[in-house]
Amino acid sequence: MRIGIDIGGTKIIGGIVERKGKVEITHRLPTGGKEGYRRVRERAIELINTILRESGVSRNEIKRIGIAAAGQIDKNSGTIIFSPNLGWHNAPLKKDMEKIFDAEVVIENDVNAATFGEWKFGLKERSRNVIGVFVGTGIGGGIIIDGRIYRGFSNVGGEIGHMIVNPHGYRCNCGNSGCFEAYCGGSYIVDRVRKSIYEGYRGKIWDLVEGNVDKLHTGHIEEAYLLGDTLCKSIWGETIEYMGAGLASLVNLFNPEIIVMGGGVINGSKQLIEDACAVMKKRAMKASLKDVRVERARYGDNAAIMGVAFIDV
Ligand SMILES: [Zn+2]
């Protein structure tokens, strides 16, 4: 029996993952990330114990506990070297969990896990090479080459969000400028629109949020763009152009069969994938582009849980 857990910035979710990917006995707890590593680790343990209790499965029947978390992970020790979302440095999660549970403990980057989950339980029959692009507040990516997740030389590759798409461009939270994420990540896009509104811009976007700038999200920005709002035409138009350019670069680099896209910005949009694909098709090299498909992710929050329960180590 395999348990998958996803420790996110705001919530920890987990469940039992069946062989065909079905997730059962799911539970969630608030992460309480500000309370630090030890407290969050205790919550994760509590979550696993709750799942075990409800399933009636004993501890020694667990084959694997897979834990997905945002951040850079040391592959050999299962230590989370750095997680900006959780504020952790050198958190020895694998070692700590193995002391408590008599099972294989696997720690994996959350976006790698989500990409693997989408592939193994959805795309595998149709593809061996898949790129995952998850657009939320920032952008995370996962790379599957010939049926295996590609992690790079020291396990921290696949940072698609930090491909530099314009060296002179917007500042990125990573400290660099011009990253893909700085152009197409949700929080960056919202910040740009908000800034103009604070500076006095009024238009269709103002009406859409009924003057409440705090509730602004990228769904509003796309809607205002489609209605012809001047500001959003410029900002969302730029998002589409850079998203398309980013996808075209991925197509040229990896020649994947499928690019799978998920995350809050994608889920909240009507036609970002279609609009970005039109740009991608203009910009990518013909031979690389042939037969590539761009699809929406299917499993939402469960993808990382499903992936980390089965990912190759
Ligand atoms: Zn960056």
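## Strand 4 and its partners

Alanine 68, in this predicted model, stands opposite glutamate 108 in strand 8. The pairing to which this position belongs joins strand 4 and strand 8 (residues 104-109) in the parallel sense, over six bridges. Strand 4 is also joined to strand 1 (residues 2-7), again by six bridges and with the two strands running parallel, and here glycine 4 is found opposite glycine 66 in strand 4.

The burial of strand 4 can be followed residue by residue. Arg64, Gly66 and Ala68 lie on one side and Ile65, Ile67 and Ala69 on the other, and since all of them are buried, both faces of the strand are covered. Because six of the six residues of strand 4 (residues 64-69) are buried, the strand is largely enclosed by the rest of the structure.

## Division into domains

The protein is divided into domain 1, which takes in residues 2-109 together with 302-310, and domain 2, which covers residues 124-296. The centres of domain 1 and domain 2, taken over C-alpha atoms, are separated by 28 Å.

Contact between the two parts involves five residues of domain 1 and four residues of domain 2. On the side of domain 1 that touches domain 2, the largest share, three residues, comes from strand 5 (residues 72-74). By class, that side of domain 1 consists of two nonpolar residues, one polar residue and two charged residues.

## The three-stranded sheet

Strand 5 also takes part in an open sheet of three strands, which has the order 5-6-7 and antiparallel pairing. Its edge strands are strand 5 and strand 7 (88-91), each of which pairs on one side only, and the twist from one strand to the next averages 20°.

Within this arrangement, strand 5 pairs with strand 6 (residues 79-83) in the antiparallel sense over three bridges. Aspartate 74 is placed opposite threonine 79 in strand 6.

## The five-stranded sheet

A further open sheet has five strands in the order 11-10-9-12-13, and its pairing is mixed. Strand 11 (148-149) and strand 13 (293-296) are the edge strands, each pairing on one side only.

At the strand 11 edge, two bridges join strand 10 (residues 139-145) to strand 11, and these strands run antiparallel. Isoleucine 144 stands opposite isoleucine 149 in strand 11.

## Packing of helix 3 against helix 12

Helix 3 (residues 110-123) and helix 12 (residues 302-310) have axes that come within 6 Å of each other and cross at roughly 85°. Angles of 65 to 115 degrees count as roughly perpendicular, and helix 3 is therefore roughly perpendicular to helix 12.

The contact is formed on the helix 3 side by Asp110, Ala113, Ala114, Thr115, Phe116, Gly117, Glu118, Lys120 and Phe121, which meet Ala303, Ala304, Met306, Gly307, Val308 and Phe310 in helix 12. Divided by class, the residues of this contact comprise nine nonpolar, three polar and three charged.

## Leucine 52 in helix 1

Leucine 52 lies in helix 1 (residues 37-55) and is partly exposed, because 19 other C-beta atoms lie within 10 Å, whereas a buried residue would need 20 or more. When residues up to four places away in sequence are not counted, leucine 52 touches Val57 and Arg59.

A separate relation links leucine 52 with isoleucine 3: the two are 49 residues apart in sequence, and the C-alpha to C-alpha separation in space is 9.2 Å.

## Backbone positions with positive phi

Most residues other than glycine have a negative phi. Glutamate 210 has a positive phi, near 50°, although this residue is not a glycine, and its place is in the loop between helix 6 (204-208) and helix 7 (218-227). Glutamate 210 counts as exposed because it has 7 C-beta neighbours inside 10 Å.

Aspartate 291 is likewise a residue other than glycine with a positive phi, here of about 70°. Its place is in the loop between helix 11 (286-289) and strand 13, and aspartate 291 counts as exposed because it has 7 C-beta neighbours inside 10 Å.

How values were computed. Residues numbered from 1 in each chain as written. Predicted model: local features only at pLDDT ≥ 70, side-chain atom pairs only at ≥ 80, totals over all residues. Axes fitted to C-alpha atoms, helices over the stretch in contact; angles between N-to-C directions. Helix = DSSP H or I, 4+ residues; strand = E, 2+ residues; numbered from the N terminus. Parallel < 35°, antiparallel > 145°, perpendicular 65-115°, else oblique. Contact = placed C-beta atoms within 7 Å. Nonpolar A, V, L, I, M, F, W, Y, C, P; charged D, E, K, R; others polar. Buried ≥ 20, exposed ≤ 12 C-beta atoms within 10 Å, placed from the backbone. Pairing = 2+ DSSP bridges. Domains from an automatic or database assignment.
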